[in-house]
Amino acid sequence: MTKIRPAQHACVSPEERLHAVPVECAQQSSAFGWQGFRVEDYPNLPPSDFSCSAMNHHLLVYHYKALDGEFRHRCAGRSTVTHLQNGQFSFIPAGADNHWTFGEGSPSALHILIDAELFDTTAAKDKVDLRDSFQVDAPAMQLMAERLRQELRLNGATGPLFADTMLQMFSDEMLHNFSTHVPETGLVDSNVMPALELIQDEFHSGVSLAELAALCDLSQSQLLRAFRGQFGTTPHKFLLTRRISRAKHLLLADVDTPLAQIALDLGYADQSHFSREFVRYTGVTPSKFRACR
């Protein structure tokens, strides 16, 4: 077990690491405006033997197509040999240098990077020690990682509240899977109605989880748990539902406004993004829904 608190000044940034890694990153989220949270996709990797300097970010690796063979890894001087399975995770804490070696097989991996200082702020009241681990089954994280892969394909169109929510959910899962810290499990005895009301009023804008938490005088983690406990869903999913509800009203009440304009008015990146989300929630396109009036 490697327990490391990173010396931030001695660690490389994700961008510096990206330029140093001798393999191609097919897609990454640096242009999406996400704060302290980054996603990189590495499909069909060639045989590799590479050392990476310690980062100021925690690195969670989702092996969505695992190597069919030995994967050798060294983290902060400790060596492991694993035979990974599809959907498993590896975790390298901030401040730990690491080295990986593998042969033929063209594995594919999604790298999820979370700023160590932001993690301490959003996931735990006190600094916690995180341990490296290289063959972890975590169904909840797997579903979340697949959603991040989809978001890369959407070019970050879902918006900042989605990124904030995913950051918080991954941070909570990291506490459960890679530390001895026991997260709070009870519901926060607090009124989160102001957060719901703000989403109802500002569903078309880029409201953030930090803004909602500050409004309710809660940490982001507390806000997320309390909101889910009281309303049975996350703030992000509630926002999406609110948008679709408003979209239905506009489509039935107004046949003249172009779909592209409705999409922008509702806070979508463009008409294509609006149409995909509308179909996902209703099963029909906005045009077909409007024709049913």
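**Figure 1. His99 and its surroundings in strand 8.** This is a predicted model. His99 sits in strand 8, which covers residues 98–102. The residue is buried, because its relative accessible area is 13% and buried means under 20%. The side chains of His99 and Asp49 meet in a polar contact of 2.6 Å. Setting aside residues up to four places away in sequence, His99 touches Asp49, Phe50 and Ser51, along with Arg72, His73 and Arg74.

**Figure 2. Strand 5 and its two partners, strand 6 and strand 8.** Strand 5 spans residues 71–75. How many bridges join strand 5 to strand 8? There are 5 bridges, and the two strands run antiparallel. One bridge pairs Arg72 with Thr101 of strand 8. Strand 5 is also joined to strand 6 (residues 78–82) by 5 bridges, again in the antiparallel sense. Here His73 has Thr80 of strand 6 as its bridge partner. Strands of a sheet pair through backbone hydrogen bonds.

**Figure 3. The two faces of strand 5, and the turn that follows.** In a regular strand the side chains alternate between the two faces of the sheet. Strand 5 shows such alternation. Phe71, His73 and Cys75 point to one face, and these residues are buried. Arg72 and Arg74 point to the other face and are not buried. The hairpin of strand 5 and strand 6 has 2 residues between the strands. In this hairpin, Ala76 takes a positive phi near 50°.

**Figure 4. An open sheet of 6 strands.** The strands are arranged in the order 1-2-9-4-7-10, with antiparallel pairing. Which strands lie at the edges? They are strand 1 (27–28) and strand 10 (133–136), and each pairs on one side only. Inside this order, strand 4 (residues 57–65) pairs with strand 7 (residues 88–92). The pair is antiparallel and has 5 bridges. One of the matched pairs is Val61 with Ser90 of strand 7.

**Figure 5. Two helices across the strands.** Helix 3 (residues 139–153) lies across strand 1, strand 2 (37–42), strand 4, strand 7 and strand 9 (108–115). Helix 3 runs at about 90° to strand 4. Helix 4 lies across strand 2, strand 4, strand 7, strand 9 and strand 10. The angle between helix 4 and strand 9 is about 95°.

**Figure 6. Asp115 in strand 9.** Asp115 belongs to strand 9. Is this residue buried or exposed? Asp115 is buried, because its relative accessible area is 18% and the limit for buried is under 20%. The side chain of Asp115 reaches two backbone nitrogens. A polar atom of this side chain lies 3.1 Å from the backbone nitrogen of Glu117. The backbone nitrogen of Leu118 is reached at 2.8 Å. Leaving aside neighbours within four places in sequence, Asp115 is in contact with Gly36, Asn56 and His57. Thr285 is 170 residues away from Asp115 along the chain, and their C-alpha atoms are separated by 39 Å.

**Figure 7. Helix 4 packed against helix 7.** Helix 4 covers residues 160–178, and helix 7 covers residues 220–231. Their axes are 10 Å apart, and the packing angle is about 95°. Helix 4 is therefore roughly perpendicular to helix 7, because angles of 65 to 115 degrees count as roughly perpendicular. Which residues make the contact? Helix 4 supplies Thr165, Gln168, Met169 and Asp172. Helix 7 supplies Gln220, Ser221, Leu224, Arg225 and Arg228. By class, this contact has 2 nonpolar, 4 polar and 3 charged residues.

**Figure 8. Helix 5 packed against helix 7.** Helix 5 spans residues 193–202. The axes of helix 5 and helix 7 come within 10 Å and cross at roughly 85°. The two helices are therefore roughly perpendicular to each other. On helix 5, the contact residues are Met193, Ala195, Leu196 and Ile199. On helix 7, they are Leu223, Phe227 and Phe231. What classes of residue make up this contact? There are 7 nonpolar residues, no polar ones and no charged ones.

Conventions:
Residues are numbered from 1 along each chain as its sequence is written. This is a predicted model: local features need pLDDT of at least 70, side-chain atom pairs count only at pLDDT 80 or more; totals for chains, interfaces and linings use all residues. Side-chain values use heavy atoms; hydrogens and water are left out. Axes are lines fitted to C-alpha atoms, for helices over the stretch in contact, and angles run from 0 to 180 degrees between N-to-C directions. Helices (H or I, at least four residues) and strands (E, at least two) are DSSP runs, numbered from the N terminus. Angles under 35 degrees count as roughly parallel, over 145 as roughly antiparallel, 65 to 115 as roughly perpendicular and the rest as oblique. Contact means heavy atoms within 4.5 Å. Ala, Val, Leu, Ile, Met, Phe, Trp, Tyr, Cys and Pro count as nonpolar, Asp, Glu, Lys and Arg as charged, and the others, Gly among them, as polar. Two strands pair if DSSP finds at least two bridges between them. Buried means under 20% relative accessible area, exposed over 50%, partly exposed in between (1.4 Å probe, protein chains only). A polar contact is a pair of N or O atoms within 3.5 Å; within protein, one must be able to donate a hydrogen and the other to accept it, and residues adjacent in sequence count only if both atoms are side-chain atoms.
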